[in-house]
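Reader: Could you walk me through this one? I have it open and would like to start with how the strands and helices are connected.

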Amino acid sequence: NASNVSFIGIGQMGSRMVKNLLKKGQEVKVFDVVPAAASSVPGARVCNSAAEAAKDADIVITMLPTGDDVKHTLTQKQGILEGIPKKSLFIDCSTIEPKMAQELHRISTENGVRYIDAPLSGGVTGAENGTLTFMVGGADGDLKEAEPVLNKMGAKVFKCGDIGAGQIAKLCNNLILGITMIGTCEAMNLGIKLGLDPKVLTNIVNVSTGRSWSSDTYNPVPGIMPNVPSSKGYEGGFSVPLIAKDLYLAQAAALSCGTPLLLGALAHQIYRTLILQGYGDKDFAVVYEYLKGQSKN
Ligand code: NAD
């Protein structure tokens, strides 16, 4: 391990990614604004600020909710820039707006720090199993340096283009995900209401044309699959506000190039409504429970 690695944002994804780094022999310094989250991974060295975590680091990784959170963590007092050595590499793995990625790159460069965007897909299961897919925007040399560390947390690393291109790929992926999850929930709810056994329906869909990650890896109906949020009261996983954020980011990006997102807009409004209905702290598969509650019988 040539690199000193620091990790900021030890939430649903970050905690599992750090566990895999440690498992593969990489020492990690961590920071989270919530102390209980920061100390949730045994073996990681807990720091009291982002600056303290970034001190002496060759690579600093962030896994935070929004672009504003990343910018704040970078530039605030006791933030990353106050600690990170010049020429070190800052890898942002959060899902944020492509334009913000470009702004973070500009700020980093002005401060002598290299930056790439490396959002990822695979959910908490992929994070747990170290099978994430990374989508990287930035310079080839920086990607080459990042790859050994990314490979400890994931199975695939794609170069997408210049700064922000990783975020564009991620927004397109999550546009499909946000829509597909709702479609899967609607179909499962309909089949169950009409009397089908949900396990039989799932087995059919998973070898038929309706199959998707939402049906075969993250089924939204409780009891179909073990260890997914739907079977654990929709706790943990990918929260409704985070998928709503991604669909909002996709809308904003689509507006910037004049492209309509018809189902994307509707899906965005559905997740926003779920937040208003009190599902804001649940995994996004909770759409199934919501639809079930809306049905007669
Ligand atoms: P999360 O809310 O579980 O974790 C975020 C963590 O960041 C929390 O522990 C929070 O305390 C911490 N945090 C917030 N502001 C901070 C700050 N200023 N300094 C330090 N720590 C701070 O979120 P998550 O589900 O792990 O998602 C993180 C990012 O990854 C989001 O952009 C999300 O869209 C994306 N993502 C999530 C999933 C998923 O399945 N959960 C999958 C792919 C991508």
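Author: A term first: a crossover is right-handed if, with the strands pointing away from the viewer, the path from the first strand over the helix to the second runs clockwise. In this model, which is a predicted one, strand β5 (residues 89-92), helix α6 (residues 98-110) and strand β6 (residues 114-117) make such a right-handed β-α-β unit.

Reader: How many bridges join β5 to β6, and do they run parallel or antiparallel?

Author: Four bridges join β5 to β6, and the two strands run parallel. One of the pairings puts L89 opposite R114, its bridge partner in β6.

Reader: And which residues of β6 sit on each side, buried or exposed?

Author: On one side are R114 and I116, on the other Y115 and D117, and all of them are buried, so that both faces of β6 are covered. The split into two sets fits a general pattern, because side chains in a regular strand alternate between the two faces of the sheet.

Reader: Changing topic, what does the domain assignment give for the chain?

Author: The assignment gives domain 1 (5-162) and domain 2 (168-294), and their centres, taken over C-alpha atoms, are separated by 27 Å. Where the two domains touch, 13 residues of domain 1 are in contact with 16 residues of domain 2.

Reader: Which helix gives the most to the domain 1 side of that?

Author: Helix α7 (residues 123-129) does, with three residues. By class, that side of domain 1 has six nonpolar, six polar and one charged residues.

Reader: Which feature does UniProt place at residues 5-161?

Author: The unreviewed UniProt entry places "domain: 6-phosphogluconate dehydrogenase NADP-binding" there, and over residues 5-161 the chain is 41% helix and 24% strand.

Key:
Residues numbered from 1 in each chain as written. Predicted model: local features only at pLDDT ≥ 70, side-chain atom pairs only at ≥ 80, totals over all residues. UniProt positions renumbered as here; feature names shortened; annotations may be inferred. Domains from an automatic or database assignment. Contact = placed C-beta atoms within 7 Å. Nonpolar A, V, L, I, M, F, W, Y, C, P; charged D, E, K, R; others polar. Buried ≥ 20, exposed ≤ 12 C-beta atoms within 10 Å, placed from the backbone. Pairing = 2+ DSSP bridges.
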